[in-house]
Amino acid sequence: MPAPAEEPAAGGRQGWFSRLKAGLSRSTAKLTESVTTLFRKRRLDDEALEELEETLITADLGVAASRRIVEGFRKTRFGKEVTDEEVKTALAEAIAEILGPVARPMPIDPAHAPHVVLVVGVNGTGKTTTIAKLGQQYREQGLACAFVAGDTFRAAAVEQLQIWGDRTGCRVHVPTKEGADAAGLAFDALKAAKADGTEVLLVDTAGRLHNKSALMEELRKIVRVIRRVDETAPHSVLLVLDATTGQNAIQQAKVFKEMVSVSGLAVTKLDGSAKGGVVVALAQEFGLPVHFVGVGEKAADLRPFAARDFARGLMGLD
């Protein structure tokens, strides 16, 4: 597996917003083309609101969030003539209102030494890459960071973390053999991390949902075992979801919430599909903090989630 390409340092807020907006462009097109067609200049009557709700649901915002937005329009704009630009701006405001309460950073508490982040999700969602990107960012912030290659059945995942560990200077705790006990590996890694002054320990995990009961037991065993070293661990449980799966991400969130106490979300691959609206559906459905969103392969393309930027980017607004 080739090492990830070198990348320039991240730009400021405007540079990130431009990348976010570009990454959401397919989702934006799916949503705004319908809005433009519906509302060139039209009275916001029952028929228009019904069509708007269908448009939002089709754009993966989910039934509950779509209904909430449309009911807000009914109370404030019903019977008025509106243009497509007015509707886009109002939609961005309504979406930002839903997203605002969940746009929260994932705090790293230096008092834990290390702060243990258990990273969970279905295989293929971008768990391992997310760990690598976070590791690089934490190292750039001056934090001592290490990885645990706990997806012990996937040699490619272990190798990928080793490559990123070499690149970023993060220690990588790897299994002695394929299929080794992930809980035992995490236990040893946490003991070592405490001994060597590691400040952040990012633990990769398996995501074999086809055998849900076995996966649930494995995740719970990891939690039980690392608590023998630190009874407060894990300090964060980050669920990684792939935006390209659309409404399947909702089901994945439900399943992983049953398995382990998910504390926050990272939504990846927003640039890979027209399903970016699913972030709104997730916020409405679960109210879990959305810590990060990703729109590309570089470490700088995974950034803390900002509600207003996301909402305006989704609607194609500056």
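Is D60 buried or exposed, and what is its relative accessible area? D60 is buried, with a relative accessible area of 7%. The model is predicted. The points below cover its eight-stranded open sheet, its salt bridges, of which there are 17, and some backbone and ring features.

**Sheet order and edges**

- Eight strands make up an open sheet with mixed pairing, and their order is β5-β4-β6-β3-β7-β8-β9-β10.
- The edges of this sheet are β5 and β10 (302-304), each of which pairs on one side only.
- On average, and with direction ignored, neighbouring strands in the sheet are turned by 25 degrees against each other.
- At one end of the order, β9 (residues 290-294) pairs with β10 in the antiparallel sense, over three bridges.
- Within the strands β9 and β10, G294 stands opposite L302.

**Strand β4 and its surroundings**

- β4 runs parallel to β5, and three bridges join the two strands.
- F147 has V172 of β5 as its bridge partner.
- β4 also pairs in the parallel sense with β6, here over four bridges.
- A146 has L201 of β6 as its bridge partner.
- In a regular strand, side chains alternate between the two faces of the sheet.
- β4 is covered on both faces: C145 and F147 are buried on one side, and A146 and V148 are buried on the other.
- Helix α8 lies across β3 (115-120), β4 (145-148), β5 and β6 (200-203).
- The angle at which α8 runs to β5 is about 150 degrees.

**Salt bridges**

- R154 and D151 form a salt bridge through their side chains, at 2.6 Å from N to O.
- The two partners differ in exposure class: R154 is partly exposed at 31% relative accessibility, whereas D151 is buried at 1%.
- A salt bridge also links D181 and K221, with the closest N and O atoms 3.2 Å apart.
- D181 lies in the loop between β5 (171-173) and α8 (182-196), while K221 lies in helix α9 (residues 212-226), so this pair ties together parts that are 40 residues apart in sequence.
- D181 is partly exposed at 41% relative accessibility, and K221 is partly exposed with a relative accessible area of 31%.
- Helix α9 takes part in another salt bridge, between K212 and E258, at 2.8 Å from N to O.
- Because K212 lies in helix α9 and E258 in helix α10 (residues 248-259), the pair ties together parts that are 46 residues apart in sequence.
- K212 is partly exposed at 33% relative accessibility, and E258 is partly exposed at 46%.
- D46, E71 and R74 are joined into one network by salt bridges that share partners.

**Aromatic rings**

- One aromatic pair is found in the structure.
- R77 lies over the face of F73, at 5.3 Å from the ring centre.

**Backbone geometry**

- Most residues other than glycine have a negative phi, and most peptide bonds are trans.
- The peptide bond that joins A113 and P114 is cis, with omega about 10 degrees.
- P114 is located in the loop between α5 (84-99) and β3.
- A cis peptide bond also runs from A233 to P234, with omega near -5 degrees.
- P234 is located in the loop between α9 and β7 (236-242).
- D60 is not a glycine, yet D60 has a positive phi of about 75 degrees.
- The loop that holds D60 is between α3 (46-58) and α4 (63-77).
- K269 is not a glycine either, and K269 has a positive phi of about 60 degrees.
- K269 sits in the loop between β8 (264-268) and α11 (278-286).
- D60 is buried, with a relative accessible area of 7%, whereas K269 is partly exposed, with a relative accessible area of 32%.

Technical notes: Residues are numbered from 1 along each chain as its sequence is written. This is a predicted model: local features need pLDDT of at least 70, side-chain atom pairs count only at pLDDT 80 or more; totals for chains, interfaces and linings use all residues. Side-chain values use heavy atoms; hydrogens and water are left out. A salt bridge is a side-chain nitrogen of Lys or Arg within 4 Å of a carboxyl oxygen of Asp or Glu. Buried means under 20% relative accessible area, exposed over 50%, partly exposed in between (1.4 Å probe, protein chains only). Rings of Phe, Tyr and Trp (its six-membered ring) pair if their centres lie within 6.5 Å; planes under 30 degrees apart count as stacked, over 60 as edge-to-face and the rest as tilted. A charge sits over a ring if NZ of Lys or CZ of Arg is within 6 Å of the ring centre and within 35 degrees of the ring normal. Two strands pair if DSSP finds at least two bridges between them. Axes are lines fitted to C-alpha atoms, for helices over the stretch in contact, and angles run from 0 to 180 degrees between N-to-C directions. Contact means heavy atoms within 4.5 Å.
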